[in-house]
Amino acid sequence: MNILVVGTESELNECRQKFGNAHQITLAAHHRAVPTLLASADVVFDFLLAYAPEEVALYQHSKAIVFVDATTISLLQLGTTLQQQIHFTWFGFCGLPTFVNREGWEVTLYQQRDKDVLARISAALSLSYRIVDDRVGLVMPRIICMIINEAYFTVQEGTATRQDIDLAMKLGTNYPYGPFEWAQLIGVSNVYEVLNAVYTDTHDERYRICPLLKKEYLAAVTS
C-alpha cells in the first residue's frame, strides 16, 4: 500500500517500524505538501491536524483512508471546522511517541458504518485494533498521563523522589516504565497537552495539571 505520513521524521520512522517494508511510505512535513501527494496515497496518517484543524478540508474529496491523531481533539470536533458534511472516510488514533509502534491501537470512528472499511484497511496493514469512544485522550493516553500527573504532585509535595516513584511503579505494578520515564519518552509537552485537552473536555479534577508539570512544560516550549 502507499502510505502518506503527515508529520515529522520521527513519526515517519515510527510508522516504518510499525508497518515494515511491505508498503511504500512517504513523508509530508507540512500540509502544504499534501495536495500533490494525496492522489497516490491509499492511506494517510496525519499527526498534525490537531494543530491545524482547518486543514481537514484537504481531505474532503480524497479517496484515501485518513487516520488522524485524535489524542487531543476528537473527530467530531475536527468535523465541525469543515462546516459541511464529511465526504471522506477517516478514523482517530493515538499518535503520541511510543503509541504508534505497539501491538494494538485504539481507534475511534466518525460513523459506525465505517467499521467494515476499518476492518479491511487494518487487515491490509496487519494492524490490530480496538474501537474506543471518540473522546479526547482516548483511553490509555489519558490514564498514563493522569498517572504521570499524580507522580508530579507527589514530587512537588516532597513525598518521594522521581527515581523512587519510577522504581516503585515498575516493581509494584509491573509497568514497563515509571511515570517520569514515560513522561520523557512521550514528551513533557505532549503529556501537558493531553491533560489540558482532557481537563477542558471533562472539567474532572483528576486531570488538573500539577504546577510542577506546568512549569516544566513552559520551560520546554520557551527554551
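The paragraphs below go through a predicted model, beginning with its sheet and ending with some loop residues.

The sheet is open and has 7 strands, arranged in the order β2-β1-β3-β4-β5-β6-β7 with mixed pairing. At its edges stand β2 (24-28) and β7 (128-131); each has a single partner strand, so one side of each lacks a neighbour in the sheet. On average, neighbouring strands of this sheet are turned by 30° against each other, direction ignored. Strands of a sheet pair through backbone hydrogen bonds, and the pairing can be parallel or antiparallel.

Both senses of pairing can be followed in this sheet, which is mixed. Strands β1 and β3 run parallel and are joined by 4 bridges. One residue to look for here is L4, whose bridge partner in β3 is V44. On the way to β4, β3 again runs parallel to its partner, and 4 bridges join the two. In this pairing D46 has V68 of β4 as its bridge partner. The antiparallel sense is seen between β5 (residues 90-93) and β6 (residues 104-109), which pair over 3 bridges. F91 has its bridge partner in β6, namely L109.

Strand β3 also shows how side chains are divided between two directions. V43 and F45 point one way from β3, while V44 and D46 point the other way. What is the burial state of these four residues? All of them are buried, which means that each has under 20% relative accessible area. V44 and D46 thus appear twice in this account: V44 is the bridge partner of L4, and D46 is paired by a bridge with V68.

Helices come next. Helix α1 (residues 9-19) lies across β1 (2-6), β2, β3 (43-46) and β6, and runs at about 165° to β2. Helix α4 (residues 115-125) also packs on the sheet, where it touches β1, β3, β4 (65-69), β5, β6 and β7. The direction of α4 makes about 160° with that of β7.

Where does the largest pocket draw its lining from? The volume of this pocket is about 180 Å³, and 15 residues line it. Nearest its centre lie E11, Y51, D69, L96 and N190. Helices α1 and α8 (188-202) each supply at least two residues of the lining, and α8 gives the most, with 3 residues. Sorted by class, the lining has 6 nonpolar, 6 polar and 3 charged residues.

Two loop residues have a positive phi without being glycine. L138 has a phi near 50° and is placed in the loop between β7 and α5 (140-156). N174 has a phi of about 65° and is placed in the loop between α6 (162-173) and α7 (179-186). Is each of them buried or exposed? L138 is buried, because its relative accessible area is 6%, under the 20% limit. N174 counts as exposed because its relative accessibility is 68%, over the 50% limit.

A third loop residue is T81, found between α3 (75-80) and β5. Its relative accessibility is 35%, so T81 counts as partly exposed. Leaving out residues up to four places away in sequence, T81 touches P53 and V56. T81 and P97 are 16 residues apart in sequence, and their C-alpha atoms are 26 Å apart in space.

How values were computed: Residues numbered from 1 in each chain as written. Predicted model: local features only at pLDDT ≥ 70, side-chain atom pairs only at ≥ 80, totals over all residues. Heavy atoms only, no water. Pairing = 2+ DSSP bridges. Axes fitted to C-alpha atoms, helices over the stretch in contact; angles between N-to-C directions. Contact = heavy atoms within 4.5 Å. 1 Å grid on protein atoms, 1.4 Å probe; cavity = no way out; pocket = protein on both sides within 12 Å on 5 of 7 lines; lining within 4 Å. Points joined across faces, edges and corners; volume = space filled by probe spheres on them. Nonpolar A, V, L, I, M, F, W, Y, C, P; charged D, E, K, R; others polar. Buried < 20%, exposed > 50% of the residue type's maximum accessible area, 1.4 Å probe, protein only.
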